[in-house]
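Please look through the model below with an eye to its strand pairing, its backbone geometry and its side-chain packing.

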Amino acid sequence: MIWQFIKKQGLLLWRNPMQLLLVVGLPIVLITILGTALGGTMNGEPPKINLKVALIEHEDEEKQINRFIEDFSDELPPEMIESIQKGEEFRFIQTLKDTVFGHEDIKAFIDFQEMDLKDKDQILNDSTYTSVIEVPEHFTYEMLEGILTNQNNQPALLVLNNEGSQVGAKIVNDILVQYQDKIGLTNFLAANHLDPSILQSTEEMRFSETVSINQSQPVTSKEYYTVGMAVMNVLFVASTIGTFAFIERKIFVFNRIILANVTRWIYFSAVCLSGTLFSFFHLLIVFGFAWVFFDVSWANIPLFILVSSAFAISVGGIAALLTAISYRFKSEVVTSFFSSILVTIMAVLGGSFFPLGDSSVLLQTLGNFTPNGAGMSAYLAVLRGDELEAISGHLIFLVCFGFAAIAAAAVSFPKRGANI
């Protein structure tokens with residue numbers, strides 16, 4: 001008998017294509033839009049920046065170094081002279097070209113070009129250049145003189161920025177400021193008669209390989225929004241079933257069922273089971289679509305089924321509760337309020353639109369006390385490769401929430417003989 005009522009609910013949904021399209025089609029559309037539009041933000045990818053920087057030298061750096069050695073060979077110790085001849089830390093412009101702008105990470109978004117002085121006017125009139133770095137005459141010579149002979153020479157690079165690319169110009173300036181700090185450290189080492197090669201060893205340590213202790217798989221934007229939209233839109237299954245049940249009350253279908261000597265508990269159980277089964281199949285359809293078109297796959301299928309089942313029980317409980325309340329008060333206001341307002345609030349708290357819980361522990365706790373938030377946390381944990389122990393708390397909450405809603409619905413559902 002219960003199966004006949006479940007079949008009836010399914011036929012009502014199937015014969016209402018607009019409602020079916022909203023329940024199933026809406027999450028698919030939202031997954032596509034949000035996953036694509038916010039993909040870079042969720043994946044932690046840097047924004048796509050393409051800068052163009054030109055460097056113009058007025059004098060060859062190697063000639064300046066040789067001239068400095070000739071001028072100060074009698075004043076500096078032989079080991080310092082040898083260090084100047086062989087050390088890269090005293091080739092300031094070459095280091096700027098090779099180590100700074102030549103670094104793989106910076107080359108990915110900065111097109112760095114060395115240009116001749118005769119092309120300066122042409123470059124300045126070219127709006128595609130973000131910045132032009134001009135190295136004045138005697139720059140390296142005066143830098144060495146200031147560092148090694150304690151003179152107050154402070155040569156400066158001339159940086160010409162494109163006013164139409166303020167963000168890009170700031171990035172270039174920040175890079176140069178960091179390089180200036182490194183030169184200042186070189187000056188400090190030299191002033192205190194320390195080996196400047198310490199800088200090189202420090203950089204090698206800084207850029208050594210970093211291994212993360214947490215070996216969980218990262219969650220992509222497509223995966224995140226697939227889960228977020230699925231757990232939000234499946235709540236509409238509950239309101240849809242509640243609406244169908246209330247319509248049956250209005251057109252006296254429920255009264256005819258009672259007259260047919262069918263107990264209200266059979267009808268009540270059918271509503272609850274319909275919400276649970278339809279929610280479960282709704283999740284399978286949405287996640288199946290995401291698997292085919294967005295490659296959102298689940299490594300642990302049994303755990304995925306377990307989470308879907310627990311979440312479906314909670315949605316079935318909500319469907320039963322909405323039906324019972326609408327029958328009790330003879331109004332569809334509660335169901336409409338749930339679908340139009342409460343679902344949105346729960347979706348925001350649960351993190352369907354954005355990981356709101358990352359910014360606040362309180363919001364994360366509140367989100368996990370909603371069925372969609374607990375379901376989302378469990379799904380994301382499965383995607384990251386966590387085991388049953390990590391999501392057991394969410395599963396227990398979902399099942400307890402579902403049975404608590406069913407119990408509240410059973411108390412609220414009108415008794416036989418009541419005026420409904």
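The questions and answers that follow concern a predicted model.

Q: What is the order of the four strands in the open sheet?
A: The sheet is open and its pairing is mixed. Its edge strands are β2 (110-115) and β4 (158-161), each of which pairs on one side only. Strand β1 (residues 51-57) pairs in the parallel sense with β2 over six bridges, and five bridges join β1, again in parallel, to strand β3 (residues 131-135). Read across the sheet, the order is therefore β2-β1-β3-β4.

Q: Which residue in β2 is the bridge partner of Val53?
A: β1 and β2 run parallel and are held in register by six bridges, and Lys52 stands opposite Asp111 in β2. For Val53, the bridge partner in β2 is Phe112.

Q: Which residue in β3 is the bridge partner of Leu55?
A: β1 is joined to β3 by five bridges, with the two strands running parallel. Leu55 is also included in a second, separate core of 33 residues, together with Ile147, Tyr179 and Ile183 among others. Its bridge partner in β3 is Ile133.

Q: How many of the seven residues of β1 are buried?
A: Being buried requires a relative accessible area under 20%. By that criterion β1 is mostly covered, and the number of its seven residues that are buried is five.

Q: Is His138 buried, exposed or partly exposed?
A: His138 lies in the loop between β3 and α9 (139-148), and has a positive phi of about 65° although it is not a glycine. Most residues other than glycine have a negative phi. The relative accessible area of His138 is 33%, and since buried means under 20% and exposed over 50%, His138 is partly exposed.

Q: Which helix gives the most residues to the largest nonpolar core?
A: The largest nonpolar core holds 58 residues, of which Val227, Phe287, Trp298, Phe311, Tyr379 and Ile391 touch the most other members. The elements that give two or more residues to this core include α12 (221-233), α15 (264-294), α16 (301-329) and α20 (388-412). With twelve residues, the element that gives the most is α16.

Q: Which residues does Phe311 touch, not counting those up to four places away in sequence?
A: Phe311 is one of the residues that touch the most other members of the largest nonpolar core. With residues up to four places away in sequence left out, Phe311 touches Val231, Val234, Leu283, Pro371, Asn372, Tyr379 and Leu398.

Key: Residues numbered from 1 in each chain as written. Predicted model: local features only at pLDDT ≥ 70, side-chain atom pairs only at ≥ 80, totals over all residues. Heavy atoms only, no water. Buried < 20%, exposed > 50% of the residue type's maximum accessible area, 1.4 Å probe, protein only. Core = buried A, V, L, I, M, F, W, Y, C linked by side-chain atoms within 4.5 Å. Contact = heavy atoms within 4.5 Å.
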